[in-house]
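Opening my notebook on a structure I haven't looked at before. I'll jot down what I look up as I go.

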2 protein chains.
Amino acid sequence: MQRFCTIAFVLGLILMIFGLTYILPIATSLYFNDAMTEHFTNGMLLNIGAGAILAGLSMRWRGDVKTRDGYLLVASFWILMAAAATLPLMWGLPELSFTDAFFETTSALTTTGATVFVGLDSLAPSLNLWRHELNWLGGLGIIVLAVAILPLLGIGGMQLYKAEIAGPIKDSKLTPRINETARLLWMIYAAFTLICIVSLKLAGMGWFDAICHAFSTMSLGGLSTHDANIGYFGSPTIELVLMGFMLISAMNFAVHYSALHKFSLKPYLTDPEAIPMLAVITASVMICSIYIWYQQIYPDFLTALRHVSFNLISVSTSGGFVSDNFRLWPPFVIWWILYLTSITACTGSTGGGIKMFRTLLLWKQAGREMFSILHPRAINPIRIGDMPIPNKIIFSVLAFIFLYFISIVALTFALLFSGLDPLSALGAVLACINNAGPGLSLVGTASNYQGLSDFQTWICVIAMLLGRFEVFTLLMLFTPAFWRK
Amino acid sequence: MQRFCTIAFVLGLILMIFGLTYILPIATSLYFNDAMTEHFTNGMLLNIGAGAILAGLSMRWRGDVKTRDGYLLVASFWILMAAAATLPLMWGLPELSFTDAFFETTSALTTTGATVFVGLDSLAPSLNLWRHELNWLGGLGIIVLAVAILPLLGIGGMQLYKAEIAGPIKDSKLTPRINETARLLWMIYAAFTLICIVSLKLAGMGWFDAICHAFSTMSLGGLSTHDANIGYFGSPTIELVLMGFMLISAMNFAVHYSALHKFSLKPYLTDPEAIPMLAVITASVMICSIYIWYQQIYPDFLTALRHVSFNLISVSTSGGFVSDNFRLWPPFVIWWILYLTSITACTGSTGGGIKMFRTLLLWKQAGREMFSILHPRAINPIRIGDMPIPNKIIFSVLAFIFLYFISIVALTFALLFSGLDPLSALGAVLACINNAGPGLSLVGTASNYQGLSDFQTWICVIAMLLGRFEVFTLLMLFTPAFWRK
Ligand SMILES: [K+]
Ligand SMILES: [K+]
């Protein structure tokens with residue numbers, strides 16, 4: 001009983017905070033006079049009202065948030081939030097089905113950035129802004145935001161923080177207090193977003209587009225206000241600015257904090273993930289540009305380099321913007337980019353996939369194993385950067401990878417079972433589970449998933465949620481052990 | 001110096017044994033009078049001569065076979081043997097390129113069973129028999145045979161045995177002496193082969209076809225003397241016999257020994273792998289048959305069941321026979337069968353892939369990890385069957401899976417780079433690395449790889465060798481640690 005009251009209480013509080021985020025689309029709607037004000041106001045009142053009732057009723061019996069409750073809370077809040085966020089969309093677009101609306105909000109919140117909407121350019125500005133704001137809130141995590149601004153969550157804040165933030169090592173605290181850490185991360189995130197807005201404006205975007213795209217850049221969400229995505233602008237300057245901020249977002253925000261705090265670039269050099277990530281991206285851009293240039297897809301090398309750089313950085317970091325129809329590129333390049341999506345982004349970034357840290361750890365573990373066949377008695381601990389990695393973490397990473405891989409296989413077969421062709425199926429699952437966005441073939445490189453059936457859409461929704469919660473958090477809720485006393 | 005003399009000595013001995021295996025095609029050639037006798041006799045003399053010179057020269061300085069030399073020896077012998085075995089093919093078929101000949105012998109020896117030959121039905125009988133005999137020798141391993149019949153290899157026999165036999169747990173000895181174990185395994189293998197020959201003859205095959213197909217059934221090789229493979233016979237009885245012997249071959253031969261020794265079926269029930277393997281296959285056959293029947297690929301359910309049973313059992317155990325052009329089946333069924341190929345066969349069988357034992361271990365490890373998130377302090381060892389699995393083995397299995405997966409990714413990208421389409425590329429790599437045989441699209445379900453370029457053919461050769469040696473043995477030779485003193 002106390003357990004459920006605790007969950008209900010925290011759920012109520014975060015729901016109220018989420019209600020406050022409707023202010024931005026309401027302001028946008030008033031500014032552009034796009035007739036959506038009423039829908040967003042109703043949505044806000046509903047969220048705040050429901051949250052207040054939930055928190056008020058359960059307040060008296062609440063206790064501390066336990067480890068397992070943290071997972072249940074985070075998972076149920078995200079599903080609740082995705083459902084609540086559909087309301088303004090469905091009220092504003094009466095022909096939209098609940099399945100499609102839920103896909104759209106889940107895609108935005110998990111920063112997948114895939115869309116089922118066509119005609120984004122003529123969509124009401126407040127609805128477009130709402131999609132981008134959901135991208136932004138999901139990027140660093142709205143529950144992390146709640147931990148940051150509600151000191152009373154301090155009781156179980158650590159559990160919630162751990163369940164929502166991405167990466168294998170989650171207790172690397174910037175400060176001894178978790179609220180403080182969450183607050184610092186969100187401040188850096190917001191500051192970079194502001195700089196990104198101004199940079200995009202200077203690069204030639206209008207203010208509205210600059211705000212929307214800064215939201216989807218910093219969260220590595222990849223949503224756009226245009227059907228043609230970044231191809232709409234056709235501007236190398238804008239592409240350069242986006243590439244820079246996507247790379248920033250794909251790094252660990254704790255490293256950004258250290259760099260800013262010490263006013264030095266050294267934290268980037270000593271971070272075990274940043275350099276390998278940049279090395280993988282640089283090498284891939286060079287190889288793919290030469291390959292594409294050699295195949296004469298573009299008239300000259302510089303054009304090939306421009307399009308490969310932008311789309312490869314964008315998709316591999318799980319950003320998901322596209323500047324050109326890269327579906328027409330040779331399969332080698334397309335699939336290499338989709339593969340990079342799984343491994344490139346860093347721990348503690350807003351990106352998806354298995355993360356560079358786990359990739360490095362797998363390499364080293366495989367090497368250690370070969371060494372130990374030759375030298376069975378040698379003890380040979382794994383180090384990443386300066387950090388010796390205990391076996392406990394290696395086991396946990398390996399189990400993660402296995403579940404991640406099994407999820408990909410199971411979801412791909414579910415799509416195949418429903419009749420989708422193999423390339424579209426695998427492409428869609430990789431794009432969704434890595435929260436990247438652009439898929440292949442039927443689901444298209446412009447991240448448009450409109451052609452899917454309802455069943456297929458729900459499979460993609462599951463993939464996005466599994467990806468955002470790094471598999472464990474969600475799968476755990478389906479084990480008997482979780483529900484045992 | 002002593003190290004290389006030891007390797008040369010053992011290499012010479014096994015080469016001489018391999019030379020003796022030419023007797024069978026020589027006899028066949030004499031019986032059918034197909035003008036190949038001279039080629040096989042020359043091949044035999046060359047093998048025995050070269051082996052004798054090698055062994056003779058190095059005899060005086062030989063020592064014990066060390067762990068790392070075992071791997072080097074097995075890998076270099078297999079490549080040498082595949083090269084030597086091409087000679088009768090190239091002398092007999094002057095238009096055959098070395099690349100294609102090497103593909104053919106590697107495919108036969110690794111029991112992949114893919115072919116670049118067209119016109120098998122009119123090929124000289126002795127050449128066909130040679131291909132099937134290579135299948136059979138590769139199945140349980142010719143070096144294991146050498147260990148069985150040469151007591152003097154007892155010095156390093158264990159190292160060689162470990163390097164060639166398949167599966168994560170290789171020291172499960174049937175008897176305290178490794179020669180004895182190797183001999184028992186080969187005796188069971190030969191006995192089953194004899195029973196299979198007689199059964200196939202009774203089911204309607206001619207003696208020659210029965211011998212050839214028994215070789216490729218017990219080794220799970222999948223080669224046939226007909227372009228249409230098993231479809232040529234169009235006989236449900238033959239298909240039933242083949243299915244039975246493929247299932248036998250996909251089980252651990254040590255379990256067969258126990259069952260025969262105790263004259264009881266209990267060893268199959270207590271074996272941790274046999275029941276899960278049969279369960280996976282039965283469930284898959286039912287689901288796929290219903291799916292295919294529902295899609296009206298075949299006129300009635302029984303026909304669907306017949307074709308699905310045969311092709312699914314054949315490909316998933318890595319047998320690789322095909323009775324129908326299953327390329328025309330729905331992608332869900334095709335890819336499910338290709339996926340099963342990676343996980344179905346048991347440790348100590350003649351099948352390929354990661355083996356059922358490792359599959360079970362991965363599942364349990366993932367479950368244990370989820371449990372330990374909820375109960376961080378609980379100690380929860382993994383058991384498979386009655387066997388508690390030490391962490392050391394779990395680590396080694398996990399590293400194996402990672403290298404296996406990375407090999408698939410790297411080889412698929414190599415094929416994509418060369419211009420092959422994605423489905424053919426992934427299909428060919430899975431078919432080769434799992435030593436299954438039938439690929440997809442371009443490379444066809446009749447296991448014919450003739451359409452590949454030379455570069456693509458060599459990639460497939462690497463995949464087959466990596467699969468047969470379970471990745472480690474081969475990759476280890478490319479690490480600096482291996483060559484360090
Ligand atoms: K994205
Ligand atoms: K095979």
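**Leu220(B)**

I started with Leu220(B), which counts as buried because its relative accessibility is 0%. This is a predicted model, so I keep that in mind for every entry. I found Leu220(B) in the loop between helix 10 and helix 11 of chain B. Its backbone caught my eye: phi of Leu220(B) is near 55°, a positive value in a residue other than glycine.

**Thr111(B)**

I then looked up Thr111(B), which has a positive phi of about 60° although it is not a glycine. Thr111(B) sits in the loop between helix 5 (98-109) and helix 6 (125-140) of chain B. Is Thr111(B) buried or exposed? I noted a relative accessible area of 2%, so Thr111(B) is buried.

**Potassium ion (ligand 2)**

Which protein donors does the potassium ion (ligand 2) have? I listed Thr111(B), Thr112(B), Leu220(B), Gly221(B), Ser318(B), Gly319(B), Asn435(B) and Ala436(B), each giving its O atom, at 2.5 to 2.9 Å from the ion. Along the chain I read their spacing as T-T-x107-L-G-x96-S-G-x115-N-A. I picked one pair to place: Gly221(B) is in the loop between helix 10 (207-218) and helix 11 of chain B, and Ser318(B) is in the loop between helix 15 and helix 16 (331-343) of chain B, so this pair ties together parts that are 97 residues apart in sequence. Gly221(B) and Ser318(B) are both buried.

**Potassium ion (ligand 1)**

Over to chain A. For the potassium ion (ligand 1) I wrote down the O atoms of Thr111(A), Thr112(A), Leu220(A), Gly221(A), Ser318(A), Gly319(A), Asn435(A) and Ala436(A), lying 2.5 to 2.9 Å from it. The donor residues of ligand 1 are spaced T-T-x107-L-G-x96-S-G-x115-N-A in sequence. Here I placed Thr111(A) in the loop between helix 5 (98-109) and helix 6 (125-140) of chain A and Leu220(A) in the loop between helix 10 (207-218) and helix 11 (236-249) of chain A, so the pair ties together parts 109 residues apart in sequence. I checked burial too: Thr111(A) is buried, as is Leu220(A).

**Helix 11 against helix 15, chain B**

Back in chain B, I followed helix 11 (residues 236-249) to helix 15 (residues 301-316); their axes come within 10 Å and cross at roughly 35°. The crossing is left-handed. From helix 11 of chain B, I noted Pro236(B), Glu239(B), Leu242(B), Met243(B), Met246(B) and Leu247(B) in the contact. Helix 15 of chain B brings Arg306(B), Ser309(B), Phe310(B), Ile313(B) and Ser314(B). Sorted by class, I get 7 nonpolar, 2 polar and 2 charged residues in this contact.

**The nonpolar core**

Which residues touch the most other members of the largest nonpolar core? Out of its 340 residues, they are Phe18(A), Phe77(A), Tyr449(A), Phe18(B), Phe77(B) and Tyr449(B). I followed up Phe77(B): beyond its neighbours within four places in sequence, it contacts Leu11(B), Ile14(B), Leu15(B), Phe18(B), Ile142(B) and Ile143(B).

**Pro276(B)**

My last stop was Pro276(B), in helix 14 (residues 274-294) of chain B. Its relative accessible area is 22%, so I logged Pro276(B) as partly exposed. Not counting residues up to four places away in sequence, Pro276(B) touches Met356(B) and Leu360(B). I also looked up Cys346(B), 70 residues from Pro276(B) along the chain; their C-alpha atoms are separated by 9.7 Å.

Definitions and conventions:
Residues numbered from 1 in each chain as written. Chains lettered and ligands numbered in written order. Predicted model: local features only at pLDDT ≥ 70, side-chain atom pairs only at ≥ 80, totals over all residues. Heavy atoms only, no water. Donors = N, O, S within 2.8 Å, 3.2 Å for Na, K, Ca; no water. Helix = DSSP H or I, 4+ residues; strand = E, 2+ residues; numbered from the N terminus. Buried < 20%, exposed > 50% of the residue type's maximum accessible area, 1.4 Å probe, protein only. Axes fitted to C-alpha atoms, helices over the stretch in contact; angles between N-to-C directions. Left-handed = near helix turned anticlockwise from the far one by under 90°. Contact = heavy atoms within 4.5 Å. Nonpolar A, V, L, I, M, F, W, Y, C, P; charged D, E, K, R; others polar. Core = buried A, V, L, I, M, F, W, Y, C linked by side-chain atoms within 4.5 Å.
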